[in-house]
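Work through these exercises with the sequence and the 3D view side by side. Try each task before you read its solution.

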Amino acid sequence: MIYKAVMGICAGLLLAGCAEDFGLDQHGRKVTADSLDSQWLIINYWAEWCAPCRTEIPELNALEDELKTRSARVLGVNFDGLQGEDLKRAAQAFDIRFTVLADDPAPRFELPRNDVLPVTYIVDADGKLRERLVGEQTAAGLLAHLQRLRGE
């Protein structure tokens with residue numbers, strides 16, 4: 001009896017310690033906390049009406065390819081809050097090859113609201129906001145910021 005109670009308490013504590021998932025991506029797939037936790041995140045906000053966003057997306061695609069072996073990921077967030085098929089269509093139209101979150105992660109990482117696009121946030125492996133970059137970015141520039149912040 002005591003064994004079952006102890007095991008139940010342990011299981012509850014383990015589950016309580018699990019981070020909440022990130023919701024769905026542009027393909028309707030679940031983005032788990034396990035897939036992103038303990039990684040540096042480059043979180044980019046974009047919109048269909050944002051001309052600089054259109055030229056920045058290929059840079060972010062290239063950066064995502066570069067980061068695959070570096071414990072870091074690029075995430076996109078549609079500024080206008082597109083969901084479901086609308087988000088999938090917009091991401092395809094922009095040829096976005098990195099993960100686009102349907103749910104805004106701003107509350108999770110305490111990201112400040114920004115009314116200018118594009119905007120990119122760099123969040124460290126502990127989930128702490130390290131840098132906010134306003135305006136169009138390049139893969140090389142973002143990689144340099146990331147390396148500096150990581151002390152590489």
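The exercises below go from the whole chain to single residues of this predicted model.

**Exercise 1. The overall layout**

Task: Find how many helices and strands the chain has, and in what pattern they follow one another.

Solution:
- Step 1. Count the elements. The chain has six helices and five strands.
- Step 2. Read along the sequence. The pattern is α-α-β-α-β-α-β-α-β-β-α.
- Step 3. Look at burial. Of the 152 residues in the chain, 43% are buried.
- Step 4. Look at the contacts with a separation of 6 or more. Residues 24 or more positions apart account for 65% of them.

**Exercise 2. The sheet**

Task: Work out the order of the strands in the sheet, and which strands lie at its edges.

Solution:
- Step 1. Write down the order. The open sheet of five strands runs S3-S2-S1-S4-S5, with mixed pairing.
- Step 2. Find the edges. S3 and S5 are the edge strands, since each pairs on one side only.
- Step 3. Check the twist. Neighbouring strands are turned by 25 degrees against each other on average, direction ignored.
- Step 4. Take the pair S2 and S3. These strands are parallel, with three bridges. Val-77 has Leu-101 in S3 as its bridge partner.
- Step 5. Take the pair S4 and S5. These strands are antiparallel, with five bridges. Val-119 has Val-134 in S5 as its bridge partner.
- Step 6. Inspect the hairpin of S4 and S5. Five residues lie between the strands, and Gly-127 takes a positive phi near 85 degrees.

**Exercise 3. The two sides of helix H4**

Task: Decide which residues of helix H4 (residues 84-93) are buried, and explain why they lie on the same side.

Solution:
- Step 1. List the buried residues. They are Leu-87, Ala-90 and Ala-91.
- Step 2. Check their directions. These residues cover an arc of only 100 degrees around the axis, so they are on the same side of H4.
- Step 3. Recall the helix rule. An α-helix has 3.6 residues a turn, so residues three or four places apart point the same way.
- Step 4. Turn to the other side of H4. Glu-85, Gln-92 and Ala-93 are exposed there.
- Step 5. Find the packing partners. The buried residues of H4 pack against strand S1 (40-46), strand S2 (72-78) and strand S3 (99-101).
- Step 6. Add the direction. H4 lies across S1, S2 and S3, and runs at about 95 degrees to S1.
- Step 7. Look past the helix. Asp-95 follows H4 and has a positive phi, near 55 degrees.

**Exercise 4. The nonpolar core**

Task: Find which residues have the most contacts inside the largest nonpolar core.

Solution:
- Step 1. Start with the general tendency. In soluble globular proteins, nonpolar side chains tend to be buried together.
- Step 2. Name the residues. The largest nonpolar core has 46 residues, and Ile-43, Tyr-45 and Trp-46 have the most contacts inside it.
- Step 3. Ask where the core residues come from. S1 gives the largest share, six residues.
- Step 4. Follow Ile-43. Leaving aside neighbours within four places in sequence, its contacts include Leu-75, Val-77, Phe-109, Val-119 and Tyr-121.

**Exercise 5. A buried asparagine**

Task: Is Asn-61 buried or exposed, and which residues does it touch?

Solution:
- Step 1. Place the residue. Asn-61 lies in helix H3.
- Step 2. Apply the cut-off. Buried means under 20% relative accessible area. Asn-61 has 3%, so it is buried.
- Step 3. List the contacts. Beyond four places in sequence, Asn-61 touches Asp-95, Ile-96, Arg-97 and Phe-98.
- Step 4. Compare sequence with space. Asn-61 and Ile-96 are 35 residues apart along the chain, and 6.7 Å separates their C-alpha atoms.

**Exercise 6. Unusual backbone**

Task: Where are Ser-71, Glu-110 and Pro-118 found?

Solution:
- Step 1. Recall the rule. Most residues other than glycine have a negative phi, and most peptide bonds are trans.
- Step 2. Take Ser-71. Its phi is positive, near 55 degrees. Ser-71 is in the loop between helix H3 (51-67) and S2. At 44% relative accessibility, Ser-71 is partly exposed.
- Step 3. Take Glu-110. Its phi is positive, about 55 degrees. Glu-110 is in the loop between H5 and S4. At 69% relative accessibility, Glu-110 is exposed.
- Step 4. Take Pro-118. The peptide bond from Leu-117 to Pro-118 is cis, with omega near -10 degrees. Pro-118 is in the loop between helix H5 (106-109) and strand S4 (119-123).

How values were computed
Residues are numbered from 1 along each chain as its sequence is written. This is a predicted model: local features need pLDDT of at least 70, side-chain atom pairs count only at pLDDT 80 or more; totals for chains, interfaces and linings use all residues. Side-chain values use heavy atoms; hydrogens and water are left out. Buried means under 20% relative accessible area, exposed over 50%, partly exposed in between (1.4 Å probe, protein chains only). Helices (H or I, at least four residues) and strands (E, at least two) are DSSP runs, numbered from the N terminus. The arc is that of the directions from the helix axis to the C-beta atoms. Contact means heavy atoms within 4.5 Å. Two strands pair if DSSP finds at least two bridges between them. Axes are lines fitted to C-alpha atoms, for helices over the stretch in contact, and angles run from 0 to 180 degrees between N-to-C directions. A nonpolar core is a set of buried Ala, Val, Leu, Ile, Met, Phe, Trp, Tyr and Cys residues joined through side-chain atoms within 4.5 Å.
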